[in-house]
Amino acid sequence: MTKQIIIYGGRGALGDCLVRYFKSKDFRVTSIDLKQNEQADVNVTLADVQDLEKQAEFVTEKLRSSLNGESVEAILNVAGGWAGGNAGDKDFIKNSDLMFKQSVHSSLIAASLASTFLKESGLLVLTGAAAALDATPGMIGYGAAKAATIHIGRSLAASDSGMPKSSSVLTIAPITLDTPMNRKWMPKADTSTWTPLEYIAELFYKWINDPSLRPTNGSVVKLTTKGGNTELSYH
């Protein structure tokens, strides 16, 4: 039987990489995003204006129809974005609202989907940020949203969280990802300290394929890249 996977944020840089990677490994891939990913087998296309409750209902019904009673190996939530700003910034509230919609709303919906569609011993991955392990005065909304995502991941790993039996919840905390947009906006940066997207795809594949290779359930996995080599630390 074909293995199935859901990628939330399948049109972002990391999401697109994951769609291509898991297609190459013969997974049936569902992408959830504001835009379609033409390489995915199934697309759930979100409306930008939907509130959290309506969006969750919409996604759940679409998946109930497309999965037809089958469970998925993993749900990988890599939706998100970045916006800076301290409390005095004119766009502080607007940007903070966007950060919560992108990271926290998607994580809550991914958690709800996992409780319904993830198989026993399956994997849910959320995307935090290394910066959110500390204070973020220059990007308060972003840091708060990523800190909330980390809290959601830890809570889902605790008992009585509603997750399937023997499943794992892991939250990655990258520093900087090697994406086209980051290369565009930071042309002079040392990209040898940026984590390659393919590395993350391979890491997720390893975790999905062999549960014994997963970090402890609830771990925040910080990715630190130096000289092109990435190391993991657990928080």
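How many bridges join strand E7 to strand E8, and do the two run parallel or antiparallel? The views below start there. The model is predicted.

**View 1. Strands E7 and E8 form a hairpin.**
Strand E7 covers residues 220-226, and strand E8 covers residues 229-234. The two run antiparallel, and 6 bridges join them. Look for one facing pair: Leu-223 stands opposite Leu-232 in E8. Then move to the turn. The hairpin has 2 residues between its strands. Gly-227 takes a positive phi there, near 60 degrees.

**View 2. Strand E6 pairs with E7.**
Strand E6 spans residues 168-174. Its pairing with E7 is parallel and runs over 4 bridges. Thr-171 stands opposite Val-220 in E7. Strands of a sheet pair through backbone hydrogen bonds, and the pairing can be parallel or antiparallel.

**View 3. Eight strands make an open sheet.**
Read the strands across the sheet in this order: E3-E2-E1-E4-E5-E6-E7-E8. The pairing is mixed. Strand E3 (42-45) and E8 stand at the edges. Each has a single partner strand, so one side of each is left without a neighbour in the sheet. From one strand to the next, the twist averages 20 degrees.

**View 4. Helix H2 lies across four strands, E1, E2, E3 and E4.**
Helix H2 is made of residues 52-67. Beneath the label for each strand, check the residues: E1 is 4-8, E2 is 28-33 and E4 is 72-77. The helix runs at about 160 degrees to E3.

**View 5. Ala-114 is a buried residue of helix H3.**
Helix H3 takes in residues 92-117. Why does Ala-114 count as buried? Its relative accessibility is 0%, and buried means under 20%, so Ala-114 qualifies. Which residues does Ala-114 contact, leaving aside its neighbours within four places in sequence? They are Ile-75, Leu-124, Met-163 and Pro-164. Thr-30 is another residue to find in this view. Ala-114 and Thr-30 are 84 residues apart in sequence. In space, C-alpha to C-alpha, they are 14 Å apart.

**View 6. Three residues form a nonpolar patch on the surface.**
The patch is made of Met-181, Trp-185 and Met-186. Together they have about 360 Å² of accessible area. Trp-185 belongs to helix H5, residues 180-185. Is Trp-185 buried or exposed? The relative accessible area of Trp-185 is 60%, and exposed means over 50%, so Trp-185 counts as exposed.

Technical notes. Residues are numbered from 1 along each chain as its sequence is written. This is a predicted model: local features need pLDDT of at least 70, side-chain atom pairs count only at pLDDT 80 or more; totals for chains, interfaces and linings use all residues. Side-chain values use heavy atoms; hydrogens and water are left out. Patches are made of residues with over 30% relative accessible area and no salt bridge: like charges are joined within 9 Å, nonpolar side chains (Val, Leu, Ile, Met, Phe, Trp, Tyr) within 5 Å. Accessible areas come from the Shrake-Rupley method with a 1.4 Å probe; for residues, only the protein chains shown count as cover. A salt bridge is a side-chain nitrogen of Lys or Arg within 4 Å of a carboxyl oxygen of Asp or Glu. Buried means under 20% relative accessible area, exposed over 50%, partly exposed in between (1.4 Å probe, protein chains only). Two strands pair if DSSP finds at least two bridges between them. Contact means heavy atoms within 4.5 Å. Axes are lines fitted to C-alpha atoms, for helices over the stretch in contact, and angles run from 0 to 180 degrees between N-to-C directions.
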